Amino acid sequence: MSNSVALPGVAPIANRGAITACVILAVIMQALDTTIANVALPYIQGSVAASADQINWVLTSYIVAAAIMTPPSGFLAARFGRKRVLLTAIAGFVVASVLCGIAQSLPQIVAFRLLQGLFGASLVPLSQGILLDIYSVEERGSAMALFGVSVMVGPVLGPVIGGWLTDNISWRWVFYINVPIGLLAFVGISAFVTETGRELKAKLDWFGFGTLSLSIAALQLFLDRGEQLDWFSSGEIQLEALVCFSAFYLFLSHTFTAQRSFVNPRLFLDRNFAVSMFFIFIVGVTYLASLALMTPYLQTLMGYPVTTAGIVMGPRGVGTMVCMFIVGRLIGKVDTRLLLVLGLGLTAWAMYDMTGWTPDVSQWTIVSVGFIQGAGLGFLFVPLTTIAFATLPASMRGEGTGLYNLSRNIGSSVGISIVTALITENVQSNHASIAAYVTPFNHAFNAPVVMQHLDPLKAAGRASLDGIITLQATIIAYMDDFKLLMLMSLAAIPLVFLLRKPAPSAAPPEHAVME
């Protein structure tokens with residue numbers, strides 16, 4: 001590695017180590033916020049007086065904002081300069097994090113999380129672009145491996161750090177922790193990274209971007225508020241559905257008729273890319289939705305302290321990291337489609353085991369099943385990225401990566417919203433079904449021990465009965481959600497055979513891996 005050469009658009013090679021450390025810090029900061037707030041949700045819920053379905057807006061608002069702003073990152077960097085945009089993103093992310101920490105109501109924290117997602121969206125792709133510039137073609141494999149690990153460190157450490165901060169200081173520190181990390185990254189990038197050239201004539205298809213963003217935002221509102229407002233019996237929900245479909249129709253019409261649209265429709269002529277878009281959507285649904293389910297399950301139903309909940313959720317990320325290293329050695333030696341089947345199978349197996357969980361399940365079971373689920377993601381992510389871009393022309397990969405990650409983020413937000421709505425609805429339905437057996441004609445109540453504590457004719461007995469029924473109804477609702485995620489994983493397996501086998505030498509394009 002020669003240190004005497006300066007590559008265009010970045011600092012001299014002599015500063016490569018410092019540049020790498022600074023951009024990795026920015027990536028970890030963004031990745032950390034994907035999961036760090038999960039374990040703190042019950043505490044945030046109490047502080048802002050939100051219901052169980054409303055508090056998940058704290059997660060989905062961040063993911064949706066990041067999804068919307070990821071595709072235009074390249075345009076912003078070309079138009080205003082990569083360093084300038086990256087520094088603005090870091091500063092905005094830190095300020096938004098502080099605002100999240102001082103928020104006093106649900107609307108405030110959701111709005112600030114949206115702001116956090118908007119600024120954070122460009123941190124990963126721009127940091128990745130800088131790494132690709134400062135390393136030679138021969139060294140990029142190692143650089144991207146380091147980059148991939150940094151992206152995964154956030155989700156691994158997020159629940160553990162978030163749990164410790166919430167338990168020992170305050171839930172607000174899951175956001176304040178971004179301040180020192182962001183300041184270090186900001187100072188380092190300011191000092192060591194030089195600005196790229198600006199393309200003043202660069203243009204963005206604002207109509208396509210606007211209609212797609214409006215459609216995604218309306219869809220998320222529809223899913224988040226539907227259960228609360230009784231779906232289509234509400235005028236607001238009807239309006240959101242109308243806006244979603246109308247905006248998406250305008251987006252599609254514009255995409256297929258405009259000379260240069262926000263999304264190139266020719267991308268979908270590549271069968272591998274089109275099928276992989278669906279796969280990464282399923283990955284987004286199953287992984288982050290299951291994380292959103294596990295937090296209240298561990299803390300509310302099982303009574304785990306927040307720190308313990310974070311620790312037992314950590315092995316998911318460990319399983320992903322271990323298997324990503326294994327898969328990296330298998331790519332090119334084993335049919336990529338077999339790795340995808342294995343990944344989906346492991347995910348389905350983990351979900352199947354979770355359908356039998358009760359609050360009495362052991363910590364070892366939670367840790368081992370979480371590791372298996374994380375391993376499933378490890379066997380999915382790299383092979384899926386490889387096969388998605390293996391047959392896509394190099395000139396279209398830049399647009400493809402933005403769309404690919406957009407699909408993953410939408411899957412994550414939609415998955416969280418759906419499983420949360422189903423929990424709320426199924427708890428009510430299950431409660432009514434179980435309560436139907438609480439009648440004077442049920443001979444189980446004739447037992448003296450039962451009558452002493454659960455007499456339905458006494459107020460105290462009815463209160464105890466209602467608590468037990470609610471608990472059982474909630475357990476069944478979680479089982480149903482895990483079963484749904486299992487079925488989604490199994491349903492995706494036959495689609496593997498629609499994928500073309502990539503060439504033996506195919507490897508994931510450096511700018512697509514983990515972006």
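1. How many helices and how many strands are there in the protein chain? In this predicted model, the count comes to 20 helices, set against zero strands.

2. On overall dimensions, the protein chain has a radius of gyration of 24 Å, and this agrees with a compact globule, because a chain of 515 residues folded in that way would be expected to come out near 24 Å. Along the principal axes, the box filled by the C-alpha atoms of the protein chain comes to roughly 85 × 50 × 45 Å.

3. Turning to packing, 55% of the 515 residues in the protein chain are buried. Among contacts in the protein chain with a separation of 6 or more, 82% join residues that lie 24 or more positions apart.

4. As for the surface, the protein chain exposes about 21600 Å², and 68% of this area is supplied by carbon and sulfur atoms.

5. The protein chain carries 26 positive and 26 negative charges, and the mean position of the positive charges is 11 Å from the mean position of the negative charges.

6. A reader interested in the cysteines should note that the structure holds zero disulfides. Is C22 buried or exposed? C22 counts as buried because its relative accessibility is 9%, and the cut-off for that label is under 20%. C244 likewise counts as buried, since its relative accessibility of 10% also falls under 20%.

Conventions: Residues are numbered from 1 along each chain as its sequence is written. This is a predicted model: local features need pLDDT of at least 70, side-chain atom pairs count only at pLDDT 80 or more; totals for chains, interfaces and linings use all residues. Side-chain values use heavy atoms; hydrogens and water are left out. Helices (H or I, at least four residues) and strands (E, at least two) are DSSP runs, numbered from the N terminus. The radius of gyration is taken over C-alpha atoms; the globule rule is 2.2 Å times the number of residues to the power 0.38. Buried means under 20% relative accessible area, exposed over 50%, partly exposed in between (1.4 Å probe, protein chains only). Contact means heavy atoms within 4.5 Å. Accessible areas come from the Shrake-Rupley method with a 1.4 Å probe; for residues, only the protein chains shown count as cover. Lys and Arg count as positive and Asp and Glu as negative; His and the chain ends are not counted. The place of a charge is taken as NZ of Lys, CZ of Arg, CG of Asp or CD of Glu. A disulfide is a pair of cysteine sulfur atoms within 2.5 Å.
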